[in-house]
Amino acid sequence: MRAAEPDRIDSVDALRGFALLGILLVNIGAFASAFYGKDIPDPAFDAPLDRSLRFVIALLFETKFYLLFSFLFGYSFTLQMRSADKAGASLAQRMRRRLAGLGLFGALHAVLLFHGDILTSYAVLGLALLALRHRPDPQLLRLAAWLIGLTALAWGLLAGLLSLLEPLPPDRAAILAEAQAATHAYRDSAASVVAQHLRELPGVAALLLFVQAPCALAMFLLGLVAGRREFLAQLQAHRDVMRRLLGLGLGIGLPGAACYAYSAVYAGDSPALALAGFAISLASAPLLTGAYIALAMQSLERSPALRRLLAPAGRMALSNYLLQSLACALIFHAYGLGLIGQLAPLPVLGIALALFALQLLLSRWWMGRFAYGWLEWLLRAITLGRWPAWRHSPGPAEGR
């Protein structure tokens, strides 16, 4: 039994590495264009190929991979619980320090590199997870379902209200002017980049509060339940659940993602239709995320080579997440090349894939020499209240 544990940890880390790819493919779009998330596409890159690529990204990645990251956060919370119990330490004290460190990293990330940071949300929602950790599984599952269902329902009702009011099409001139001003700010200087982040943070905070926060918390809770049951560590015992996840994800989650992708890419002139697609995505994305988990874990179980390729990146996921933002900021913003608004979706996709490949190589090199990623080491020091050794090899329960 002990001999199998490293492989199971590797699989969870490899799943986290897979999640990093999805996060990058979504986030790089926000770095590459100030039109990202607007009601109209960039007029300079609106050819059929451009729209097709945006459709694929929206279909397969948007609104799904932050949910996967959130699920893994909840799953890893159970490993933190076992580590604290094994060490005879207070879980609450450890987690409060850990979440404070995560919030600090997130705040710096949001101001300096990427206004779409989610670490600060995780830091706050982690306190809720800490408070709910003793609740029974059925109660946590019901709460997760309510969080997702009510969030989707609220946005669906808003879409219905808009359809009744027959709103005017988006003001293209105003959106163009806003995007051009943002592009100029991101190209001008490091100070203007920070100022633009601060201007955009209120809008991003509203999105986090009314969309990502309840859905992320729901996935935290599902991850907590899965961690208690060692769902990812005992795949053979959960084959039936895996099959159900695949069926629901492909039968409901994928069509829901198609509705969202079409509304996001091809229905910009209809706010009501765009919101309806978004509401459908909120309800269906967790199911597609579940299918991704099932497919990925089965693939990782069959392919030790794939597991070895992805696991080092997943072991230092925090470092890699922030490194992705740093690299994108250097490529697209005034910190470096200032290429925002100058590249079509296809070369942007190529940059993302090349960057992820480099991260895989760097992670393998780093984790071959050190026990933690550089930010994981610092976060662990904050969590434990002492400096851990760089080359200390953690046991299976405390490695995450």
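Two helices are called oblique when the angle between them is neither under 35 degrees (roughly parallel), nor over 145 (roughly antiparallel), nor from 65 to 115 (roughly perpendicular). The model described here is predicted, so that local features need pLDDT of at least 70 and side-chain atom pairs count only at pLDDT 80 or more, while totals for chains, interfaces and linings use all residues. Residues are numbered from 1 along each chain as its sequence is written, and side-chain values use heavy atoms, with hydrogens and water left out.

**Helix pairs**

Helices are DSSP runs (H or I) of at least four residues, numbered from the N terminus. Axes are lines fitted to C-alpha atoms over the stretch in contact, and angles between N-to-C directions run from 0 to 180 degrees. Helix 12 (residues 317-332) and helix 13 (residues 345-367) pack at an angle of about 135°, their axes being 11 Å apart, and they are therefore oblique to each other. On the side of helix 12 this contact (heavy atoms within 4.5 Å) involves Asn320, Leu323, Gln324, Ala327, Cys328, Ile331 and Phe332, which meet Val348, Ile351, Leu355, Gln359, Leu362 and Ser363 of helix 13.

For helix 4 (residues 91-112) and helix 14 (residues 374-384), the packing angle is about 140° and the axes are 7 Å apart, so this pair is oblique as well. Here Arg94, Arg97, Arg98, Gly101, Leu102 and Phe105 of helix 4 are in contact with Leu375, Leu378, Leu379, Ile382, Thr383 and Leu384 of helix 14.

**Helix lengths**

The expected span of a helix is 1.5 Å times one less than its number of residues, and the table sets this value beside the distance between the end C-alpha atoms.

| Helix | Number of residues | Expected span | End-to-end C-alpha distance |
|---|---|---|---|
| Helix 2 | 13 residues | 18 Å | 18 Å |
| Helix 10 | 32 residues | 46 Å | 44 Å |
| Helix 11 | 12 residues | 16 Å | 16 Å |

Helix 10 (residues 271-302) agrees with its expected span, although it bends by about 45° at Ser284, with a proline, Pro286, following within four residues. The bend is the angle between axes fitted to the seven residues ending at a residue and the seven starting there.

**Buried and partly exposed residues**

A residue is buried under 20% relative accessible area, exposed over 50% and partly exposed in between (1.4 Å probe, protein chains only). In helix 2, the buried residues are Asp50, Arg51, Leu53, Ile57, Ala58 and Leu59, and in helix 11 they are Arg307, Leu310, Ala311, Pro312, Ala313 and Gly314.

Thr151, in helix 6 (residues 137-165), counts as buried at 8% relative accessibility; leaving aside residues up to four places away in sequence, Thr151 touches Phe210, Val211, Pro214, Cys215 and Leu282. Leu176, in helix 7 (residues 172-188), is partly exposed with a relative accessible area of 25%. With the same kind of sequence neighbours not counted (up to four places away), Leu176 touches Phe35, Ile40 and Pro43, and its C-alpha atom is separated by 8.4 Å from that of Asp42, 134 residues apart along the chain.

**Two loop residues**

Most residues other than glycine have a negative phi. Thr63, which is not a glycine, has a positive phi of about 65°; Thr63 is in the loop between helix 2 (48-60) and helix 3 (65-87) and counts as buried at 18% relative accessibility. Glu230, also not a glycine, has a positive phi of about 50°; Glu230 lies in the loop between helix 8 (190-228) and helix 9 (239-266) and is partly exposed, with a relative accessible area of 29%.
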